[in-house]
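Biologist: I would like to go through this fold with you and hear the reasoning behind each label. Could you show me the structure to begin with?

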Amino acid sequence: MVIAGSAAPSLRIDRVSKRYTPTKLALDEVEFQAGSGEFVVLLGPSFSGKSTLIRLIAGIETVESGQMALHGKMVAGPGKHRPPEGRDLVMVVRDYALWPHMKAIDNVAFALRRLKMSADERRCASLAMLDRVGLAAYAEQYPNDLSGGEQQRVALARALVSKPGLLLFDEPLSNLDADLRERLRVEIASLTRECGSTAVYITHDQSEAFALADKI
Ligand code: ADP
Ligand code: MG
């Protein structure tokens, strides 16, 4: 798999391979680049290695060979593995992964826990981001009292609130019905671009890919 590059990459993947078992290669010398602020969609069928690639970028898995640079710094390569929390990125997955014991606003504010902000500033920024995804009125609700689409909006607010350099999406809409999927992908595209984050979005859905991507 080779995807054409761009001038000033904020993510550069160089001949990255990954093997889970000795006989089976999950990724074979993958190369691609994402320019700063670019929205890149990786489109492929099930089992083609999309989640593997996104987990490697996130740092949840280690590469077997090749290297990866993020915002100009090598994060994975021979003898090098920078942990996920040191990569200035956030990942959004399909099962939301919200804390069930925290209200929506506290789930969002949790993403700001490491930043130097007062509790008030954190609440304020979180409420503003919930408002942006249309959920300000639900700030005090717990995830279990929200629909699937609302929970995914909270997850999106949590991902965007810290304005990460890189946003990773692993088929975040595949649990939702078609109507909602279409509405949410429009929101993902516009909010991500407003935040100025680089995005890597994986999907097996061609129409989703064409709706979102600067580059597929
Ligand atoms: P996709 O997200 O495109 O469906 P995956 O990255 O999940 O693809 O899987 C790529 C291949 O790697 C598949 O053949 C899958 O069975 C295998 N694989 C994925 N994760 C693991 C794992 N933790 N252990 C062993 N094999 C795995
Ligand atoms: Mg997958």
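What follows is a friendly exchange on how the labels come from the values.

Modeller: One caution before we begin: this is a predicted model.

Biologist: Thanks! Let us take the sheet. What makes S2 and S6 the edges?

Modeller: The sheet is open, with 5 strands in the order S2-S1-S4-S5-S6 and antiparallel pairing. Strand S2 (24–35) and strand S6 (80–81) each have a single partner strand, so one side of each is left without a neighbour in the sheet.

Biologist: How do you know that S1 and S2 pair?

Modeller: Pairing asks for at least two bridges between the strands. S1 and S2 have 8 bridges, in the antiparallel sense, and leucine 11 has alanine 34 in S2 as its bridge partner. A hairpin through 2 residues joins S1 to S2.

Biologist: And how do you know that S1 pairs with S4?

Modeller: By the cut-off of at least two bridges, they pass: S1 and S4 share 5 bridges and are antiparallel. Serine 17 is found opposite serine 65 in S4.

Biologist: What joins S4 to S5?

Modeller: Strand S4 (residues 65–70) and strand S5 (residues 73–77) are antiparallel and joined by 3 bridges. Leucine 70 has lysine 73 in S5 as its bridge partner. Helix H1 (residues 50–58) packs on this sheet, where it touches strand S1 (9–21), S2 and S4, and its direction makes about 120 degrees with that of S1.

Biologist: Now the helices. Why are H4 and H5 called roughly parallel?

Modeller: Helix H4 (residues 148–161) packs against helix H5 (residues 178–195) at an angle of about 10 degrees, and their axes are 11 Å apart. Angles under 35 degrees count as roughly parallel, and that makes H4 roughly parallel to H5. On the H4 side the contact includes Gly149, Gln152 and Leu156, while H5 brings residues including Leu184, Ile188 and Leu191. By class, that contact has 7 nonpolar, 3 polar and 3 charged residues.

Biologist: On to the rings. Why is the pair of phenylalanine 39 and tyrosine 201 called tilted?

Modeller: Their centres are 5.9 Å apart, and the limit for a pair is within 6.5 Å. Planes under 30 degrees apart count as stacked and over 60 as edge-to-face; these planes are at 35 degrees, so the pair is tilted. It links strand S3 (residues 39–43) with strand S9 (residues 198–203), as phenylalanine 39 and tyrosine 201 are 162 residues apart. Together with Phe169, Phe39 and Tyr201 form one aromatic cluster.

Biologist: What makes tryptophan 99 and phenylalanine 110 edge-to-face?

Modeller: Here the angle between the planes is 70 degrees, with 5.6 Å centre to centre, and angles over 60 count as edge-to-face. Tryptophan 99 is in the loop between strand S7 (89–93) and helix H2 (104–110), and phenylalanine 110 is in helix H2, so the pair ties together parts 11 residues apart in sequence.

Biologist: Which of these four aromatic residues are buried, and which are partly exposed?

Modeller: Buried means under 20% relative accessible area, and exposed over 50%. Phenylalanine 39, at 1%, is therefore buried, and tyrosine 201, at 0%, is buried too. Tryptophan 99, at 37%, falls in between and counts as partly exposed, as does phenylalanine 110 at 27%.

Biologist: Why is isoleucine 216 called partly exposed?

Modeller: Its relative accessible area is 39%, and partly exposed covers what lies between 20% and 50%. Isoleucine 216 belongs to the segment after helix H6 (206–212). The C-alpha atoms of isoleucine 216 and valine 40 are separated by 5.8 Å, though the two residues are 176 residues apart along the chain.

Notes: Residues numbered from 1 in each chain as written. Chains lettered and ligands numbered in written order. Predicted model: local features only at pLDDT ≥ 70, side-chain atom pairs only at ≥ 80, totals over all residues. Heavy atoms only, no water. Helix = DSSP H or I, 4+ residues; strand = E, 2+ residues; numbered from the N terminus. Contact = heavy atoms within 4.5 Å. Axes fitted to C-alpha atoms, helices over the stretch in contact; angles between N-to-C directions. Buried < 20%, exposed > 50% of the residue type's maximum accessible area, 1.4 Å probe, protein only. Parallel < 35°, antiparallel > 145°, perpendicular 65-115°, else oblique. Nonpolar A, V, L, I, M, F, W, Y, C, P; charged D, E, K, R; others polar. Phe/Tyr/Trp six-rings, centres within 6.5 Å; stacked < 30°, edge-to-face > 60°.
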